[in-house]
Structures are given as structure tokens and as C-alpha cells.
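Please look through the structure shown here before reading on. The paragraphs below offer a guided explanation for a reader who meets it for the first time.

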Amino acid sequence: MCGIVGIVGTSNVNQALYDALTVLQHRGQDAAGMVTFQDERFFLRKDNGLVRDVFRTRHMKRLVGNVGIGHVRYPTAGTSSSAEAQPFYVNSPYGITLAHNGNLTNADELSRDLFRTDLRHINTNSDSEVLLNVFAHELQKLGKLHPSKEDIFSAVRAVHRRCRGAYAVIAMITGYGIVGFRDPYGIRPICYGERDTPDGKEYMIASESVALSALGFRLVRDIAPGEAVYIETDHKLYTQQCAENPSLHPCIFEHVYFARPDSIIDQVSVYKARLRMGETLAEKILRERPEHDIDVVVPIPDTSRTSALQMANRLGVKFREGFIKNRYIGRTFIMPGQKLRKKSVRQKLNPIDLEFRGKNVLLVDDSIVRGTTCKEIVQMARDAGANKVYFASAAPPVRFPNVYGIDMPAASELIAHNRTIEEIREQIGADWLVYQDLEDLVMCAHEVNPAIESFECSVFDGHYITGDITSEFLNRLETLRNDANKSNKNPELLADNGILDLHNDE
């Protein structure tokens, strides 16, 4: 999972890009990058680390220009080498830089075609570089010295024909402008907005609306599935549908976990969706345990707080902050190795004994992935003196791997894979375990926008909307994502947003 942003401004955009990337930091903490354009030249800075660490004053002074794009990278199954940081760059045609959020499911096939047919070299293990070269090649095939907006849209149409999977993209073309586009299923989020300045109108494209609102841009709308938005350097904006049969199937895990609660994705408020998740889960508890003995509802910071608060209100019990979070410890479910994850949980969360001692506590989390964190937290609650420890997940059981840009573990490492609810409860050590029903989760996110045909829910139901995911694909994914391979850090087995192996020539 990554965050992307692009701005066409009336003055230097480096500070605005920096601010937007900071707002999108939750979408990626592994690496950050920014590229701007002025006087026929690109100015690029990217490296591993948080936004505040990658961009120093000396870097910002060199990032000049009124047009630019930025990227924050999520720590995935891939290598942490700074070579994987985005945006990526190719010099032909015109000079193009690109930032990508998502995953190409046919990246291996594309990489071989790029080498054998398109005569292009891929220098990293990232499918984002593959996507960039596909776009560049399709633009180059047109043979135009000066590409028109029709040429840009034609290249995007060709990308849709060749690429499969999930992708939200922002690309900058030297001297011409930026283009943002979204895969034909609209799996990954992307939107655009505008703001007025004394010198004219400025435009921004970003992964989430919160980046726009934080910088004073008005949200115009989400980019539709298969659509492209092209903004020229002279601030003319064009849009065009570039896919043959687009349909909207956004990733529901954005509402469960990844997106900020103050974002609006495909006209759905993430905050309101999470409130509804808490309400529907509370209704399920009241149906299954009308005489429950819950004394207090405690969220596991931070994403579950909104749902937990609504649950407490509906159940008529107290809501308490029982855990204090150390914000300087990274996310644990992506850390290689169980021992490291277990140690990190104790470093990240510390219980307030007063809120647990002698009480029947309902712990609420947004989801349960490996279960390692849940097990540790349940034990922490018991150690703090809880009488009984119940556990609620605002999402259904995560039983299947994600192939569209979220680095879920291998299927065998998902606690819910091939286990019943009772078996999961025993694994995490809770006295009772309740999950959100998938139908309720979909309803929570769907009811305000009937234009959404369905949500991409593959981690819960195993249905992959692109229709190209085979058992062989999933078996290879299993091999690449298991802890053993992650700890080996074999670059031939690693990928940035997917499972790309550039050395596989079969």
C-alpha cells in the first residue's frame, strides 16, 4: 500500500507536496520521494524513511518548479533498498516520472514482454517500474514530437489493455503536465481537486481526499474506474474514460484499516463507515448475547477507536482508553518473524491497569490478520487484572491473501485460514470472540453510494475481482510471502507491490 500525490501549481510546489505526503504518511512509512519540474529538467529526491527524514532543507531548496509528484511507500514483502523508492523515471519518450499505488497481477509476463518485444530494461524488482515502462512504450509508439491530450489518453487505453490488477497512478511528462489514472475496476483510491490562488487555479491529484482538504483544495471527485485526468502545465484539465468496460469495485479494506477516517473515498465517508461497523457489530453481540456481562469496551489503538466508541454507545457500557500507544514503533503485522512481532507489541502498547483490574473487558480491533498481536494483547489485558477478556473484530475473518497491493502474509500464516471461529478464539486466548459479518461490512460502506457495484473483498471471501488469479499464482505468492523467505531477503524473491521476479524466464 502506498500514497501518491501530484500538483500543478502557480508557484513552487515542493512545500505543498511535502505537506501532502505528510498527510498521507499512514499509507507508507518505508520510503518517500518527490520529483519536480522546471526549465526542461527534473529535480528528484527519494530515499528510505519517513517524509520528515527524507526531505531536509537542502533537498527542498533544489526541488524547484510549479509541477511535481510525490510518493510514500509502504513496507511490503519487497526489499527495503532505496532503489525501490518512488517516483521512478525513464528518459524516453520526453522524460516521464511515475508514482503508483497497487499491484500488477501480470507483472512477470509484462516484464518479459518489455524486454523481448519492447526492448526496455527493468532495473528493480518493482512492478511500478514495469507499469511506467508500459506507459512510456505506448506513448513512444505514437511517434509524436509533441504529444497531445488525445495521445496521452491513447497511451492510458493501451495500459489498460496490457496491465491487469490494481493501480492508481500519477505520472509527470516533462514540459507537458501530469496524468492520473485508475484501473478499470477502481480497486485503489484516487481523487482530484482544485483551489484558487491570486495567480490562477491549482490542481491536485491524490490517493485520499484528506490530502486535498488539508491543503485547502476542494475535492472535485474521485477518478472513475478506467478514467484518466490530464492536467497540462498551463492548468488546462481534461478527462476521458479510457477503459472498455469499467466498473467500480473499490477495496473495502481501505475503510476497515488503511484510509484515514477523515477521508472520503468514492463518496463514502471512512469515518461514517467505521461508525456503522461498530453499530452493526454491537447489534450482532446483542443478538448472540443479549445478557452480556461486558463492563467496558477498550479499543486497540488507533484504527478501531471509531468503531469501538459506537459499539460502547450501542451496548450501553463504558468506553475507555485502556492502552497507551508508543507512536515511535512501526506496524507489527508486516514485520518479518514472529519473535520480532511479539517483542514489538509489548513495546508499542502499554496497558492502564486501572481500566482492566477486575473487569470483563471487550477489546476491539479493526481486523485480525496473523493473530500474533491479538494473542499478546489479550495476555496483556489478563496481566493487567482483567476478569474476562472478550475480543471483537470490526472486520470479518481474514482468510485469503491480498494480491492487489496490500502485503498480507502468506495464507498459511493468516490465523483465520482453514480455522473455525472457536479455533481462532483458542489461538488468541480470549474468553469469547466475535467477528463482523461480511454482509454487514459491505452494507456499512455501501449504503451511501449505490454506484458502487460491489466491493473488492478477496481477503474475506477469496473472490478476486480481476478474474485472473489462479491456484498456481496463489501457490507462488505463498512461497514468496512466508516468513522464511522474508527473513532470507532474497532479492529475486522479493517485490515492491507484488510478486514480481524479473529473473524468472520460464
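The text that follows considers a sheet and its helices, and then a single residue.

The model under discussion is predicted. A suitable starting point is an open sheet of 5 strands, whose order is E17-E16-E20-E21-E22 and whose pairing is parallel. At its edges stand strand E17 (318-319) and strand E22 (432-435); each has a single partner strand, so one side of each is left without a neighbour in the sheet.

Strand E20 can be followed through its pairings on either hand. Strand E16, made up of residues 296-299, pairs with strand E20, residues 360-365, in the parallel sense, and 4 bridges connect the two. Within this pairing, Val296 has Val361 of E20 as its bridge partner. E20 and E21 also run parallel, joined by 6 bridges. There, Asn360 is placed opposite Lys388 in E21.

The surroundings of E20 may be described next. Of its 6 residues, 6 are buried, and the strand is thus mostly covered. The cover extends to both faces: one side carries Asn360, Leu362 and Val364, the other carries Val361, Leu363 and Asp365, and all are buried.

Helices accompany these strands. Helix H12, formed by residues 372-383, combines with E20 and E21 in a right-handed β-α-β unit. Helix H9, residues 270-288, packs on the sheet and touches E20, strand E21 (388-393) and E22. The direction of H9 makes about 130° with that of E22. Helix H13, residues 421-428, lies across E21 and E22, and runs at about 125° to E22.

Attention now turns to one residue. Val459 belongs to helix H15, which spans residues 458-461. Is Val459 buried or exposed? Its relative accessibility is 5%, and because residues under 20% are classed as buried, Val459 counts as buried.

Which residues does Val459 touch, leaving aside those up to four places away in sequence? The contacts of Val459 include a run of names from Pro397, Val398, Arg399 and Phe400 to Pro401 and Asn402. Phe253 and Met408 are also touched by Val459. A further relation concerns Val369: Val459 and Val369 are 90 residues apart in sequence, while their C-alpha atoms are 9.8 Å apart in space.

Terms used: Residues numbered from 1 in each chain as written. Predicted model: local features only at pLDDT ≥ 70, side-chain atom pairs only at ≥ 80, totals over all residues. Heavy atoms only, no water. Buried < 20%, exposed > 50% of the residue type's maximum accessible area, 1.4 Å probe, protein only. Contact = heavy atoms within 4.5 Å. Pairing = 2+ DSSP bridges. Axes fitted to C-alpha atoms, helices over the stretch in contact; angles between N-to-C directions. Right-handed = clockwise from strand over helix to strand, strands pointing away.
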